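Here is a short, friendly briefing to read alongside the model. Please keep the sequence and the 3D view open as you go.

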Amino acid sequence: MQGTLSVWLAKRGLIHRSLGFDYQGIETLQIKPEDWHSIAVILYVYGYNYLRSQCAYDVAPGGLLASVYHLTRIEYGGNPAEEVCIKVFTHRSNPRIPSVFWVWKSTDFQERESYDMLGITYDSHPRLKRILMPESWIGWPLRKDYIAPNFYEIQDAY
């Protein structure tokens, strides 16, 4: 079963894959990295003017990485807000996804955090650098195959 947005995208020949609905009835769509920026602009023009959140996760050890965007279509005039979840999967060997900073400015720190924790490079992001870990940190701490370096000691935290 496809949702309203999936049908709308299909009618316009925009390539995507419906991943179904979550427990709240929000449709989840998969978009290829090479199509993500243009579809993001189209979604913004269509009315998805609010980026609720962006996050990323490691699908499986040695597998794909996913960048997840929760978008909301807010219309003035009493219509209920529509939501959609977008997932963009990328290979961990060279994880690159176009940044949507220029579409939704609120993704600035969220994409930086995904870069810092999982190593996903967001192309055309204006300030893509570590935000939580020191610049000298080696590796990506939230990857499932990450091995903590021996030089860091918890006792120095206090």
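What follows covers the strands, the core, one helix, the cysteines and one tyrosine.

This is a predicted model, in which local features need pLDDT of at least 70, side-chain atom pairs count only at pLDDT 80 or more, and totals for chains, interfaces and linings use all residues. Residues are numbered from 1 along each chain as its sequence is written, and side-chain values use heavy atoms, with hydrogens and water left out. Helices (H or I, at least four residues) and strands (E, at least two) are DSSP runs, numbered from the N terminus.

**Strand pairing**

- Strands β1 (residues 17–21) and β2 (residues 27–30) run antiparallel to each other and share three bridges; two strands count as paired if DSSP finds at least two bridges between them.
- One of these contacts along the ladder joins R17 to Q30, its bridge partner in β2.
- Five residues lie between the strands in the β1 and β2 hairpin, where G25 adopts a positive phi near 85 degrees.
- β2 also pairs with strand β5 (residues 82–91), here in the parallel sense and over four bridges.
- In that pairing, T28 sits opposite C85 of β5.

**The nonpolar core**

- A nonpolar core is a set of buried Ala, Val, Leu, Ile, Met, Phe, Trp, Tyr and Cys residues joined through side-chain atoms within 4.5 Å; buried means under 20% relative accessible area, exposed over 50%, and partly exposed in between (1.4 Å probe, protein chains only).
- The largest such core has 27 residues, and the members that touch the most others are L5, W36, L43, Y69, L71, I86 and W104.
- Two or more residues of this core come from each of α1 (4–11), α2 (33–46), β3 (50–58), β4 (64–73) and β5, with α2 giving the largest share, five residues.
- Leaving aside residues up to four places away in sequence, L5 is in contact (heavy atoms within 4.5 Å) with E27, L29, L43, Y46, Y48 and V84.

**Helix α3**

- α3 is mostly covered, as eight of its eleven residues are buried: D108, E111, R112, S114, Y115, D116, M117 and L118.
- The cover over these buried residues includes β3, β4, β6 (96–98) and β7 (121–123).
- R112 belongs to α3, which spans residues 108–118.
- Which side chain of opposite charge is nearest to buried R112? That is D108, 4.7 Å away, and R112 has no salt bridge.
- A salt bridge needs a side-chain nitrogen of Lys or Arg within 4 Å of a carboxyl oxygen of Asp or Glu; Lys and Arg count as positive and Asp and Glu as negative, while His and the chain ends are not counted.
- Beyond four places in sequence, R112 touches H125, R127, L128, K129, R130 and I131.
- G119, just after α3, has a positive phi of about 80 degrees.

**Cysteines**

- The disulfide count is zero, where a disulfide is a pair of cysteine sulfur atoms within 2.5 Å.
- Why does C55 form no bond with C85? Their sulfurs are 7.6 Å apart, which is too far, although C85 holds the closest cysteine sulfur to C55.
- C55 is partly exposed at 34% relative accessibility, whereas C85 is buried at 6%.

**Tyrosine 50**

- Y50 lies in strand β3 and is partly exposed, with a relative accessible area of 39%.
- Although Y50 and T72 are 22 residues apart along the chain, their C-alpha atoms are separated by 5.2 Å.
- Apart from residues up to four places away in sequence, Y50 touches H70, L71, T72, I74 and W104.
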